[in-house]
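Please consider the following protein model with its ligands. The questions below address how its parts meet and how its metal ions are held.

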Amino acid sequence: MHTSSHTIEAAERLGAGITEISDYREASRPGWTRDVFSEAYRESRQWTVHRMKDAGLEVHTDGAGNIVGRLPGTNPNAPALVTGSHTDTVDGGGRFDGIVGVLGALDAVRQLREGGTSLTRDLLVVDFFGEESNPYGLSCLGSRAAAGELTAQDLDRTDYRGVTLGESYSRFGLDPAATLNSHWARRTGLHAFLELHIEQGPTLEQRGLPLGIVTGIAGIQRLLAVFTGSPDHAGTRPMTDRADAMVAAAEAVLAVRREGCGAPTHGVATTTRLESESRSPNVVPSLVRMTSEVRSVDADWLSGVKGRLAQEILGQASHHGVDVDFTWSTDNEVVHTHPGVHDTAARVADTLGVPWMPVPSGATHDAVHMATLAPMGMIFIPSKAGKSHCPEEWTDFADVATGVTALTQTLIALDQTTLTGHS
Ligand code: GLV
Ligand code: MN
Ligand code: MN
């Protein structure tokens with residue numbers, strides 16, 4: 001693809017938008033932190049609404065907090081095309097994860113208008129509510145609700161302070177009951193969903209490729225393990241006669257890591273939190289909570305993880321005289337992209353002369369849940385040094401512009417493509 005003055009202008013415009021929204025952040029936290037339910041997120045969402053209106057979209061917010069901008073098509077009866085991503089960030093996160101897919105979609109609208117292109121179908125641009133995983137252990141709140149997958153039990157989940165998810169919705173001004181009643185499928189048939197996102201890993205940069213077309217998205221199993229030992233005097237209880245919950249948890253951290261290292265294809269396993277109830281430095285720890293997650297695009301391997309880890313962790317813990325209680329939850333199953341959407345994006349990239357490769361996604365996305373409503377696909381652009389979920393997260397604005405061109409042209413192609421079945 002040659003670099004025209006249009007592409008340079010688009011890169012500058014996208015860069016300015018990314019910089020503007022990144023000003024909405026929690027000043028007391030590192031990086032560009034915009035947690036779901038935070039004041040910074042509340043304010044940035046108003047900015048997004050204005051930005052959507054400036055792009056000429058009809059904007060509404062659904063019961064689950066998703067901001068939806070509509071560009072009407074020429075046939076009001078044709079199922080709509082949907083694109084978008086999210087604008088919340090992880091604690092200590094960066095400026096591109098999610099944001100690129102929302103601002104990129106708005107730039108696609110601009111490119112359609114400036115090119116005088118009318119789509120047959122309505123184009124819905126969505127800023128999905130609260131995509132990042134949160135203390136409730138549930139990612140993709142908005143797209144999950146749109147897919148009818150958010151449950152009343154989910155609203156009862158509590159964070160570290162005992163506040164429920166339902167209470168957090170209420171405090172943020174959203175009716176928790178409405179989030180359960182925001183299933184899009186009740187109202188609309190959708191033609192396809194396409195999400196532009198940064199890769200968040202090193203593959204594209206290492207291969208020197210500007211574009212990845214996603215083959216599938218990793219499933220995620222989350223574990224809360226509670227280790228119960230016996231409190232005792234740390235100065236007197238002999239080392240051979242202890243039930244130390246911290247030691248059993250430490251063995252479990254290493255077992256989780258070994259599990260990830262043993263994955264046959266892309267698989268990873270991470271422990272993100274260890275909390276001990278013991279406040280005193282001179283008491284043998286008796287209650288420790290461990291939060292871990294295991295991900296893979298290999299559904300068979302992932303389905304065996306609970307059994308393998310339980311056996312390993314229980315074996316080690318009983319050796320230390322410690323009991324373990326496991327609570328597993330599936331954040332999402334492995335999801336494959338729709339071959340028709342994938343191939344349309346690939347054809348567009350070839351026509352544009354943009355080199356690409358098929359890539360799996362180890363990160364999760366709103367696309368996982370949209371795949372239950374429509375054929376789904378994703379386009380990735382490179383991440384500098386593969387870094388993401390950290391302040392160093394970076395993608396050159398020219399690469400963002402290339403991704404937006406691919407997004408725009410793939411939406412135009414999908415508008416005219418017959419797709420059968422879901423992802
Ligand atoms: C979201 O970015 C996730 O992969 O957890
Ligand atoms: Mn994301
Ligand atoms: Mn993320």
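**Domain interface and metal sites**

Across the interface of domain 1 and domain 2, six residue pairs, both members at pLDDT 80 or more, are in polar contact (N or O atoms within 3.5 Å; within protein, one must be able to donate a hydrogen and the other to accept it, and residues adjacent in sequence count only if both atoms are side-chain atoms). The model is predicted, so local features need pLDDT of at least 70 and side-chain atom pairs count only at pLDDT 80 or more, whereas totals for chains, interfaces and linings use all residues. Residues are numbered from 1 along each chain as written, chains are lettered from A and ligands numbered from 1 in written order, and side-chain values use heavy atoms, without hydrogens and water.

Q: Which residues make up domain 2 in the domain assignment?
A: The bounds come from an automatic or database domain assignment. Domain 1 is given in two segments, 5–218 and 334–415. Domain 2 is given as 219–332.

Q: What area do domain 1 and domain 2 bury between them?
A: Buried area is the accessible area (1.4 Å probe) that two parts lose on being put together, summed over both. Carbon and sulfur atoms carry 52% of the area here. The total between domain 1 and domain 2 is about 1100 Å².

Q: Which three residues supply 44% of the area that domain 1 buries against domain 2?
A: No other three residues of domain 1 supply more of this area. The residues are Tyr160, Ala218 and Val334.

Q: How many residues of domain 2 are in contact with domain 1?
A: Contact means heavy atoms within 4.5 Å. Domain 1 contributes 18 residues to the contact. On the side of domain 2 the number is 15.

Q: What is the distance between the closest N and O atoms of the salt bridge formed by Arg144 and Asp331?
A: A salt bridge requires a side-chain nitrogen of Lys or Arg within 4 Å of a carboxyl oxygen of Asp or Glu. The rule finds one salt bridge across the interface of domain 1 and domain 2. For Arg144 and Asp331, the closest N and O atoms are separated by 2.6 Å.

Q: Which residue coordinates both manganese ions?
A: Donors are N, O and S atoms within 2.8 Å of the metal (3.2 Å for Na, K and Ca), and water is not among the atoms, so sites may look incomplete. The manganese ion (ligand 2) has His86, Asp97 and His197 as its protein donor residues, at 2.0 to 2.2 Å. Protein donors of the manganese ion (ligand 3) come from Asp97, Glu132 and His389, at 2.0 to 2.6 Å. The two ions are 3.7 Å apart, and the residue that bridges them is Asp97.

Q: What is the separation between the C-alpha atoms of His320 and Arg242?
A: Arg242 is one of the residues in contact with His320 beyond its neighbours within four places in sequence. His320 and Arg242 are 78 residues apart along the chain. Their C-alpha atoms are separated by 7.3 Å.
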